[in-house]
Amino acid sequence: MTKQDIEIKTQDGTAKARLFRPAAPAKAGVILYMDVFGPRPALDQMAERLAGHGYAVLVPDLFYRYAPYGPFDPKTAFAEEKTKAALSALSGGTTQGMTIRDGSAFLDALAAEGIAGPVGVVGYCMGGARALNAAASYPDRIVAAASFHGGNLASDAADSPHRKAAMIKARVYVGVAGVDRSFPPEQSARLAEALRVAEVDHVIENYVGVGHGWCVKDHSVYDEVGAERHWKRLTAFFKETLG
């Protein structure tokens, strides 16, 4: 596996990103949409693990417009007023529309690195909605979209992903934390209905007993059993859709 830092020119500036390649030629490209705490070693480890399954994995900094920022410790960041305010400003200032625009540059960056063909996306926390919106916005390039503990996937907001279900051609997998205030049962039902009506091939799975953030190792609610279950689902999902 190799790792390289790259810079991606977008409509709004330059996004730093990290690209992880498998030892053999990549079967396909994957974009990993970060959680609210930003790129860091824990996400690098996750990208490395995915690369180990034969994918070239791009991890872009979605907050690049506000760099430099952080770093943040997921275990304490929301408990301290200063870092909580900083995270709220970063996430609130980086709209879904901004990340959707960036998606074209991210996809082009993979192609520029010789990684052509269908792409998969996976997002965690705030990245979950962005992964689904990417699939809706680039339906001819993204064939698989996964979200884990993604928040506000079917909210009242105008940019909520469920509103774009009819534009999605990709297969969709949504892994839901057992109790998650950012994605309550009524939103889950709304998303399921939207995807069903749009005839999107999808699965929404409830991970009972785990909290929001359970997949990511440096998170305070990391759950090893639940995380391994997520890896089993994600790698099987990509194997079926990307090869």
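Reader: Which helices and strands each supply at least two residues of the lining of the second largest pocket?
Author: In this predicted model, strand S1 (2–10), strand S2 (13–21) and helix H1 (41–51) each supply at least two of those residues, where helices (H or I, at least four residues) and strands (E, at least two) are DSSP runs numbered from the N terminus. Residues are numbered from 1 along each chain as its sequence is written, and local features need pLDDT of at least 70, side-chain atom pairs pLDDT 80 or more, while totals for chains, interfaces and linings use all residues. Side-chain values use heavy atoms, leaving out hydrogens and water.

Reader: And what volume does that pocket have?
Author: The second largest pocket has a volume of about 200 Å³, a pocket being an open set of points on a 1 Å grid over the protein atoms alone, where a 1.4 Å probe fits, with protein on both sides within 12 Å along at least five of seven lines, and lining residues having an atom within 4 Å of a point. The volume is the space filled by probe spheres set on the points, which are joined across faces, edges and corners.

Reader: How do its lining residues divide by class?
Author: There are 5 nonpolar, no polar and 7 charged residues in that lining, with Ala, Val, Leu, Ile, Met, Phe, Trp, Tyr, Cys and Pro counted as nonpolar, Asp, Glu, Lys and Arg as charged, and the others, Gly among them, as polar. Among the lining residues are Asp5, Glu7, Lys16, Arg18, Pro39 and Asp61.

Reader: Let's take Asp61, then: where is its place?
Author: Asp61 sits in the loop between strand S4 (55–60) and helix H2.

Reader: Is Asp61 buried or exposed?
Author: Asp61 is buried, because its relative accessible area is 10% (buried means under 20%, exposed over 50%, partly exposed in between, for a 1.4 Å probe and protein chains only).

Reader: What does Asp61 touch?
Author: Setting aside residues up to four places away in sequence, Asp61 touches Ala15, Lys16, Met34, Pro39 and Tyr69, with contact meaning heavy atoms within 4.5 Å.

Reader: Switching topic, how much space lies in the largest pocket?
Author: The largest pocket holds about 680 Å³ of space, and of the 28 residues that line this pocket, Cys125, Gly151, Asn152, Ser182 and His212 are the closest to its centre.

Reader: Which elements give two or more residues to that lining?
Author: Those elements are helix H2 (81–93) and H4, and H2 gives the most to the lining, with 4 residues.

Reader: And the classes there, how many of each?
Author: The lining of the largest pocket has 10 nonpolar, 14 polar and 4 charged residues.
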